[in-house]
Amino acid sequence: MHEQTSGTPAESPADLPADASSAEGPTLFDWEFATDPYPAYAWLREHSPVHRTKLPSGVEAWLVTRYADARQALADQRLSKNPAHHAEPAHAKGKTGIPGERKAELMTHLLNIDPPDHTRLRRLVSKAFTPRRVAEFAPRVQALTDHLIDAFAGKGEADLIHEFAFPLPIYAICEMLGVPREDQDDFRDWAGMMIRHGGGPRGGVARSVKQMRTYLGELIHRKRDDLGDDLISDLIRASDHGDHLTEGEATAMAFILLFAGFETTVNLIGNGVHSLFMNPGQRERLQLSLAAGESGLLATGVEELLRYDGPVELATWRFATEPLTLGGMRIEAGDPVLVVLAAADRDPERFADPDTLDLSRTDNQHLGYGHGIHYCLGAPLARLEGQTALATLLTRLPDLELAVPPQDLRWRGGLIMRGLRTLPVRFAAQNTCAKAD
């Protein structure tokens, strides 16, 4: 699970304030910006690295764009995750956070809490995402990957978002949580609503959130009588053994693992394949490395794809609990702060040739998984899914190519995530029989 999640849709350009030289600066959060935000972020890094702006939702917030400032902000305990510290009641109005989570009583999850509650809840689920536990899950991820490719390999064309990048992490996280196979398509539908409406009205997302919450509450009740080797069962056991996990916390935890555990991987795979299409020399290097049975370039390559055009554009909301100075700017108590991971990860003060994709880059302490106590809990699983998906696609469909002109691709408008709406591809059709799931 990544401690990030969907944000306020970009419905209109942000109305930039007149301070900090913004009158001469770029327009933020319109659809042109969503297609390629990196020139705007480069301008902000140079001219207004900690930048106050009005978001499309009407909420005013600080954008942090330089790597050093971003790293500091991500670890600063004066920047709380709890929306109760926001000076304005924007969260109650649904303008920050996950749409519908307050009405669905799902506020007590890792994205909205600070220590000591954050420490306690994170400890309870961290064992499910250890490298050892994830490695044990690797054969299942490979089987899911092959099964999804088998479903479209004979057609010679596919939408890699909806037929591959989207269902893979949904089914994987459902299995880790212990969602019965017969119910997993419901989760695919609810998650699909979040993907489709990520750049539009938040009501559709809120309805899906409510449906998920109702189902998870019922599933937890059912599992109490039939515990298994899955994460929801582990949460129930922890609660029953005195770790002070309430039923509401268990439901919220299961929800956020589902909600945040899929969209980041959808975008990692989609953005990653797109970046390889746009950088054919790097793609050829990776395919030759895979054909030789090597894994080193795949491992560094996924980290570079996370840095170069990662799935999470802005870290989730933080709120100043007291006045502080960041990047030379005074942040007042109650001010929202958004760390722009996409800008920090292309900071030339930290990365050599930051706008160049180099799959063999080793000095790559990117912030794609965050930093500090909110570092991505599901990073080992995301790495496994990303590496498996890319390696299998490039090996099984070596002539994979974009089926539309690059300029025809559309990016989902939104504040937190960065991802494509669709990714149409074509390839030589293969005669294959679908493998048993």
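Author: Quick definition before we start: the expected span of a helix is 1.5 Å times one less than its number of residues. Helices are DSSP runs of H or I with at least four residues, strands are runs of E with at least two, and both are numbered from the N terminus.

Reader: OK, and what kind of model is this?

Author: This is a predicted model, where local features need pLDDT of at least 70, side-chain atom pairs count only at pLDDT 80 or more, and totals for chains, interfaces and linings use all residues. Residues are numbered from 1 along each chain as its sequence is written, and side-chain values use heavy atoms, with hydrogens and water left out.

Reader: Cool. How many helices and strands does the protein have?

Author: There are 15 helices and 10 strands. Of the 437 residues, 59% are buried, where buried means under 20% relative accessible area, exposed means over 50%, and partly exposed is in between (1.4 Å probe, protein chains only).

Reader: Back to your span thing. How far does α13 reach?

Author: From first C-alpha to last, α13 reaches 20 Å with its 14 residues, close to the 20 Å expected at 1.5 Å a residue.

Reader: And why is α13 called largely enclosed?

Author: Because 11 of its 14 residues are buried, α13 is largely enclosed by the rest of the structure. Among the buried ones are L297, G301, E303 and R307.

Reader: What covers those buried residues of α13?

Author: The cover includes α2, α11 (247–278), α12 (280–291) and α15 (379–396). Those are contacts, meaning heavy atoms within 4.5 Å.

Reader: At what angle do α11 and α13 pack?

Author: About 90 degrees, with the axes 10 Å apart. The two helices are therefore roughly perpendicular to each other. On the α11 side the contact is made by L268, N271, G272 and S275, and on the α13 side by V302, L305, L306, Y308 and D309. By class, that's five nonpolar, three polar and one charged residues.

Reader: Hang on, what are the rules behind those words?

Author: Axes are lines fitted to C-alpha atoms, for helices over the stretch in contact, and angles run from 0 to 180 degrees between N-to-C directions. Under 35 degrees counts as roughly parallel, over 145 as roughly antiparallel, 65 to 115 as roughly perpendicular and the rest as oblique. Ala, Val, Leu, Ile, Met, Phe, Trp, Tyr, Cys and Pro are nonpolar, Asp, Glu, Lys and Arg are charged, and the others, Gly among them, are polar.

Reader: Got it. Staying in α11, is A254 buried or exposed?

Author: A254, which is found in α11, has 0% relative accessibility, so it counts as buried. Not counting residues up to four places away in sequence, A254 touches L177, L216, I232 and L235.

Reader: New topic! What's the order of strands in the open sheet of five?

Author: β1-β2-β8-β5-β3, with mixed pairing. β1 and β3 (79–80) stand at the edges with a single partner strand each, so one side of each has no neighbour in the sheet. Two strands pair if DSSP finds at least two bridges between them.

Reader: In what sense do β1 and β2 pair?

Author: Antiparallel, over five bridges, and T53 stands opposite A61 in β2.

Reader: Which helix lies across β1, β2, β3, β5 and β8?

Author: That's α3 (residues 67–75), running at about 125 degrees to β8.

Reader: And the open sheet of three strands, what's its order?

Author: β4-β10-β9, with antiparallel pairing. β4 and β10 (residues 424–426) pair over three bridges, and the bridge partner of E157 in β10 is R426.
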